Amino acid sequence: MLARTAAMARCSTSPASAVVISFAFLLLASMPRAVAPTTMTTAQMDVLLAMKSALGVTLTSWQSASTECTLEGQTKQGSEWDAVDCDAAGNVVSLNFHMQPLTGSVPADISKLSALTFLNLCYNLLHGSFEPWTTTLMQMPQIQDLRICNNWFYGTIPATISKLTQLSFLALLTNYLVGTIPPLPATLQHIDVQSNFLTGPFPFSAPTLLCSKNCFTDNIPTCLPSTQRPAADCAFCGGAGAAGMCRGYLEGCMPDTTGVVGPNVWASPLLPQFCAAVPILPAAQSSVLMALKSSLGVTDSTWGATGKCTGEKATQASPYWSGVRCADDGSVVSIALLNRGLKGALDSFISVLSTLTSLDLSSNLFNQPLHSFLSGLSSLTFLKQLLLGYNWFYGSIPATISQLTSLTGLSLFSNYLTGSLPSLPSSLVALDVAYNFLSGSLPSLLLNLKLCAAEHNCLTPDANSPCRFFGYIQRPAAAAGVAGASATERCAVCGIGTEHEGSACWDGVCAATVSPAVVAGGPNGPAKAVLDLQCTGNTEASMTDGTVAALLSLKSALGVTSTTWSSAYPCAVLGSSGTYWSGIACDNQGNVLHLDMPNSKLKGSMAAEISMLTSLTRISLYTNLFWMPLDSFTSHFTSLSNLIVLQLYYNWFYGSIPSYLLALPSLTKVALLGNYLTGSVPVPISTALSRLVLSYNFLSGSVPSHPYSSCEAIYNCFADSSTCTTTGTVQRSTGCAICGSVDGSGTLCGGTGVCKPDASVPLLQESPNLIASPLISLACV
C-alpha cells in the first residue's frame, strides 16, 4: 500500500494529491522501524549474572547463552535480555525491575555498569536498612533516574545521595524511611518521598514535589498533597527531632515482614514495627537468661519466646525478653526486673554475662542473706549499677562487693542489712543504704560520693557525714530490745555496733520475720521496715576433727591455695561472712553444707574424703582447670545422699557421665556444660532432678525422657534432644566425627578409646573452658 501511495503522489499535481503526499509521509514517519539489537559486552553480562544471583532475578531470558540486548529507545524483538537496555557499544544503560519478586541485595559489581542512567526497583520485596543497602548505588554519579519505591526499606536516606550529581528523578515513596532528608542534588526535577516516616523541615524544591504521609513539621506549600501522618504513627517511628520511640537508633523503626508475600503497596496497612536494629541473643547468652528465669522465678512469657532482644539505645522496650537490653552484638548489658514478685535466688550462671552493666531487682520479695545472693557477681567487672532496694535481704554487705571495680551506683535501700559497711569500689558515685540496721561508722571512701543516703540505720552519729542527701536521722537505740519490741528499739536487737551485730543476736544474724501474709502484701517499703526480728543462729560453728581432716585432704587434692583453709579457723554458718574457711558453709552444728570454689584455678583431683561430708547440699567448682575423666573425679560422690546442687561447668572434664551421678537421690540441679564429655546420658535419673545443663560437650545418643523444669543440651552430638529444649536443639556441626558419634567413640578413637582435650595446649593450663573457647586438639585415652 505504501508503494502505491508514493506512486500516486509522484503522478499527481492537484491539491488533493498534495494532501495524499503529506499523509503518506506522516504514516511512514509513525511506523516502527526494525532496529537490530546490540551485542552486550562480556563484562556487562557478567555483572548482570551477579545481579541475577544477588537479587533473585527470575527472568528466563537472563542466560549467558544470549548476548543480545535491546538498543536504547527501541522495543524488544526476540531473544534480548528482558528489563535491560544497552547503548550501541553494548553497555547497559537501563534496568527496569518494576514488579519483579526481587528479595536480595545489589552486588558491589553494579558499579561496573558505568553507563547505567536508569534503575527501577519499585514494587518488589526488598528489605533492609536503606543506607547500607544503597552504598554502591550512591557511588554511581551518572545515574539520572532512580526509583526504589514500594519496598520494605527502613532507616535513613544516606547523605551520599548528594554525589548523584546528574540525578533528575528520585522516587523513594512507600517504604519505612525515617529521619531528616539530607541535602539533595540540585539537578532534581522530580522528588517523591510519600508514605514514609521522614521528619523535620523540608527545605527542597522541585517542579514536581510529592511528600505526603510523612512526619514533616513544616508547612510545605509546594508539596502536594501536604497531608502528614497521624501523630500516633509519628510518635512511634518518626517524630520531630529527638521524638519518637526509636530515636535512640539511627535506623529508627523497621517493619516486621514475617509472612509478607507481596510488595508494599498503597493499600497495605502499617505492619507491626520495632526499633532497628534489633540485637539477636547468642545461644550462650540465651542459656544464661533461661537459667536466671528458673532461679529467680521469672514468669514473664517473653522470656524464652524469641531470640531477639531490646537494643540498649531503644527509648521504649520491645516485646522481647522483658526487662533485658542488649548491645548490637546481642550481649546482655542490662537486666531490670523490678516489682515482679521475685523470691528465688540469683543463679551463679550470671557470671557468664560478662558485659552486664546494670542489674535492677528492686521491689521484689527476696528474703535471704545478701552475701549468698550476690555470690556469683564478683566477676562482673563491667557492672555499673546494682539496685536491690525494697526487698527483705538480711545479714551483712559482703566484702566481695569491692571487686565490682566499675560500680558507680549501689542501692540497698529498705532491707534488713546489719553490720558495718565494707570497703566499697572507688568508682562508686551514688550510694543508698537507708532504712536498714547498719552500724558503726561510714568508710572514709564515702567522702568521694556525689550522692549518698544512709538515714534510718544504727550508724554512729556524725555531723560531718557525707550521707545527708535525705537527712541523717538514725534509728533510736534502746538499752535492751527483744523481738516484738517497738520500732524505736530495733537497734538494740539488730544494730548495736558491737562485734556480733546487736545485743539480742550476739551469736547470730538478724532477719525479718516475714510471714506469708506480709510477703503477699508486696515489697519491703520504708513503712514495713519495722517488722519483728529474729536471730538466725550462730555466725560461726566449730567443726569436728574428722571434718577438718577431710577438708584438709580436699585442700591438698584440689590444689586450694587459700590461707583460710586451716584448723585455726571456724566454719561460717550459712549466710555469714568473715574470716572463715573460704568457700565453705556449715550449719549450726558444724556440718559442711556448701563447697563453693568457683574461679579458683583449681586443677587437681577430688579426695576420697569427700565421702565423709555427707551433709553436703551444694558443690560448686565451676570455671576451674580440672582435666581428668569425670568418673574419676566424682567416684566418691555416691555417699552424698543430701547433695542438691552440682556445678562442674566450664572445666576440661572428659569421658562419660558415670551412671550413678544423675541418680543421687536429692540431686535437683546439675550443670556440666562447657566440658569435653562424650558418650550417652545415663539412666536412671533421680526423681528430684529438675534442672539439667549439658550444653557444649560431645554427648551423643538421645537425652533421656524426664519431667525436667529446665533442660539445656545444645552444641553436642545428640541424634535426639527433643526432651531437652529449653534453649533449643541445635547441635555441633564439627567435632562429632572425632569424638561424638552415636556410639560415643568417634572415628579418631576407633571405638577403643575416649576423646580428651590435649593437655599440651597452653590454654588448658591457663584458662577455664568457657563457651567462647575454641575447640582444642583432641587425643584418645
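Where is the place of Asn-150? Asn-150 sits in the loop between strand S7 (145-147) and strand S8 (152-155), where strands (E, at least two residues) and helices (H or I, at least four) are DSSP runs numbered from the N terminus. The structure is a predicted model, in which local features need pLDDT of at least 70 and side-chain atom pairs count only at pLDDT 80 or more, while totals for chains, interfaces and linings use all residues. Residues are numbered from 1 along each chain as its sequence is written, and side-chain values use heavy atoms, with hydrogens and water left out.

Asn-150 has a phi near 55 degrees, a positive value in a residue other than glycine. Asn-150 is buried, with a relative accessible area of 1%; buried means under 20% relative accessible area, exposed over 50%, and partly exposed in between, with a 1.4 Å probe and protein chains only. Asn-339, in the loop between S19 and strand S20 (358-360), also has a positive phi, of about 55 degrees, although it is not a glycine, but Asn-339 counts as exposed at 55% relative accessibility.

The loop between S7 and S8 also holds Cys-149, whose partner Cys-122 lies in the loop between strand S5 (118-120) and strand S6 (127-129), 27 residues apart. These two cysteines form a disulfide with their sulfur atoms 1.9 Å apart, a disulfide being a pair of cysteine sulfur atoms within 2.5 Å. The torsion about the S-S bond of Cys-122 and Cys-149 is about 115 degrees, so the disulfide is right-handed, and both cysteines are buried. A search of the whole structure finds five disulfides, and another of them joins Cys-571 to Cys-586. Cys-571 lies in strand S32 (residues 571-573) and Cys-586 in strand S33 (residues 584-586), so this pair ties together parts that are 15 residues apart in sequence.

Helix H6 (residues 283-296) offers a way into the interior. Its 14 residues should span 20 Å at 1.5 Å a residue, and its end C-alpha atoms are 20 Å apart, which agrees; the expected span is 1.5 Å times one less than the number of residues. Of the 14 residues of H6, 11 are buried, so the helix is largely enclosed by the rest of the structure. The buried residues of H6 pack against elements including strand S18 (324-326), strand S19 (332-336) and helix H7 (370-373), where contact means heavy atoms within 4.5 Å. Just after H6, Gly-297 takes a positive phi of about 80 degrees.

The largest nonpolar core has 61 residues, of which Leu-289, Leu-292, Leu-359 and Leu-386 touch the most other members. Such a core is a set of buried Ala, Val, Leu, Ile, Met, Phe, Trp, Tyr and Cys residues joined through side-chain atoms within 4.5 Å. H6, S18, S19 and H7 each supply at least two residues of this core, and H6 gives the most, with six.

Further along the chain, four strands form an open sheet in the order S37-S39-S41-S43, with parallel pairing; two strands pair if DSSP finds at least two bridges between them. Strand S37 (654-655) and strand S43 (717-720) stand at the edges, each with a single partner strand, so one side of each is left without a neighbour in the sheet. Strand S39 (residues 676-679) and strand S41 (residues 698-702) pair over two bridges, and Gly-679 stands opposite Leu-699 in S41. In the loop between S39 and S40 is Pro-684, which a cis peptide bond joins to Val-683, with omega about 5 degrees.
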